[in-house]
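Trainee: I have a chain to study and would like to talk it through. Could we go step by step?

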Amino acid sequence: FIDAKNLVHNQLRKSVQQQLISDAPLGAFLSGGIDSSLIVSLMKEFDQKTKTFTIGFENKNYDESLYSKNIANYLDTDHKNYIFSNNEIINFIKNIPKAYSEPFADSSQLPTLLVSKIARENVKVVLTGDGGDELFGGYNRYIYASKFWKYLKLLNPNLRNKLIHILLNYSPNLFIIILNKLFNFKINKNSLYKIKNKLKNIDSEFSYYESLTKEWSENDNIINHSINENVNSEISNIFNNSNISFEEKMMVADFNTYLTDDILCKVDRATMHYSLESRAPFLNKNLINLAFNLPSNFKIKNGNSKIILKSILNDYMPKHLIDRPKMGFGIPIGDLLKKELKFWTTDILSNKNCNDHGLFNYDVISKTLNNHFSGQENNQFKIWSLVQFNLW
């Protein structure tokens, strides 16, 4: 492990040093997570005047700015932090199509736009931590894979679904207790039916991966016309590889799809909207090859993720600054859709607007909205994808 750690550390240091070559003012996005904190720590080795940028929100459940501020103080960076109000967020949301110019529905696009705006007021180039999750096992779904799949595959899918149906209809509280006790998985009643619908479609590693990465399933019948998803066969082939673990298959699938089509697209559109250049040191070719040849237990082990990166980062700062659950770079979109943006949302997703293109099943949209507004389900990401499509 020590040899592997030193190889990763040295290769990442070289990559950061190369990415710091610039004729224009340069800084970094600092979220307070493992990846960006490590990139900034390495930047400080070569540039003592490192500039870092973070945004925060009034809703403290989504505000990482305190964590990043503590790390910036420890590393002694020139740190800029801006707290956005709900009103500022709402005004920004309506301009998203101008930046993305195509349907794009990762709600973290909004904070990425916001932090790009703040950074561009000070620098012209930023380094990011993109790629660290896919290469070194950072997403929670990789931990869920090893934790739950070994139980799911034991039961015949039909029998499993019957048991879940009985528990949900006759004793939902018992179902919650079982999930919490067996898997240490904290859920509430609003999540139960979402979990049921996802479990219903799982019969292989690939379908399990899909359940963790897709909001809409074919059973939802949201699309009026059948769509041929050729990409599915390409991804499913990854899961036919018996030489690597389930977690590694997910990382390869994410690297080839989620990283390129979501993460990098999101950051590229957001930064270029403000004429800001972004660079990702983790995506150095030598580092990528090294990461894919590491044993999986150097990345994920005993419910812990990014083991090798955390070990490197611990050489730069104390554990208490970074030892916390992973937070997504998100906004309180669910609450906004229910409250301040409710009428705006229902207007964009009106029967008339949906009938104009005729792609969506409006009965499904109506039910999805009503269940979200009533608090029966949390459909924030489903609704966000529909809103972004109709806005476009």
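Mentor: Happy to! One term comes before the rest: a nonpolar core is a set of buried Ala, Val, Leu, Ile, Met, Phe, Trp, Tyr and Cys residues joined through side-chain atoms within 4.5 Å. Keep in mind as well that this is a predicted model.

Trainee: Which residues have the most contacts inside the largest nonpolar core?

Mentor: Start with the burial that a core needs: buried residues make up 49% of the 392 residues in the chain. The largest nonpolar core takes in 59 residues. Those with the most contacts inside it are Val8, Leu38, Phe136, Phe239, Phe282 and Leu309.

Trainee: How many residues does the second, separate core have?

Mentor: Ile55, Phe92, Leu114 and Cys265 are included in this second core, which is separate. Its count is 43 residues.

Trainee: What share of the contacts with a separation of 6 or more is between residues 24 or more positions apart?

Mentor: Picture the chain first, with its 22 helices and 5 strands. Among its contacts with a separation of 6 or more, residues 24 or more positions apart account for 78%.

Trainee: Which helix gives the largest share of the lining of the second largest pocket?

Mentor: This pocket has a volume of about 240 Å³. Its lining has 3 nonpolar, 3 polar and 3 charged residues, including Ile34, Asn304 and Lys319. The largest share, 3 residues, comes from residues 307–313, which form helix H17.

Trainee: How much area does the chain expose?

Mentor: Carbon and sulfur atoms supply 49% of the exposed area. The total for the chain is about 19500 Å².

How values were computed: Residues are numbered from 1 along each chain as its sequence is written. This is a predicted model: local features need pLDDT of at least 70, side-chain atom pairs count only at pLDDT 80 or more; totals for chains, interfaces and linings use all residues. Side-chain values use heavy atoms; hydrogens and water are left out. On a 1 Å grid over the protein atoms alone, a cavity is a set of points where a 1.4 Å probe fits but cannot get out, and a pocket is an open set with protein on both sides within 12 Å along at least five of seven lines; lining residues have an atom within 4 Å of a point. Grid points are joined across faces, edges and corners, and a volume is the space filled by probe spheres set on the points. Helices (H or I, at least four residues) and strands (E, at least two) are DSSP runs, numbered from the N terminus. Ala, Val, Leu, Ile, Met, Phe, Trp, Tyr, Cys and Pro count as nonpolar, Asp, Glu, Lys and Arg as charged, and the others, Gly among them, as polar. Buried means under 20% relative accessible area, exposed over 50%, partly exposed in between (1.4 Å probe, protein chains only). Contact means heavy atoms within 4.5 Å. Accessible areas come from the Shrake-Rupley method with a 1.4 Å probe; for residues, only the protein chains shown count as cover.
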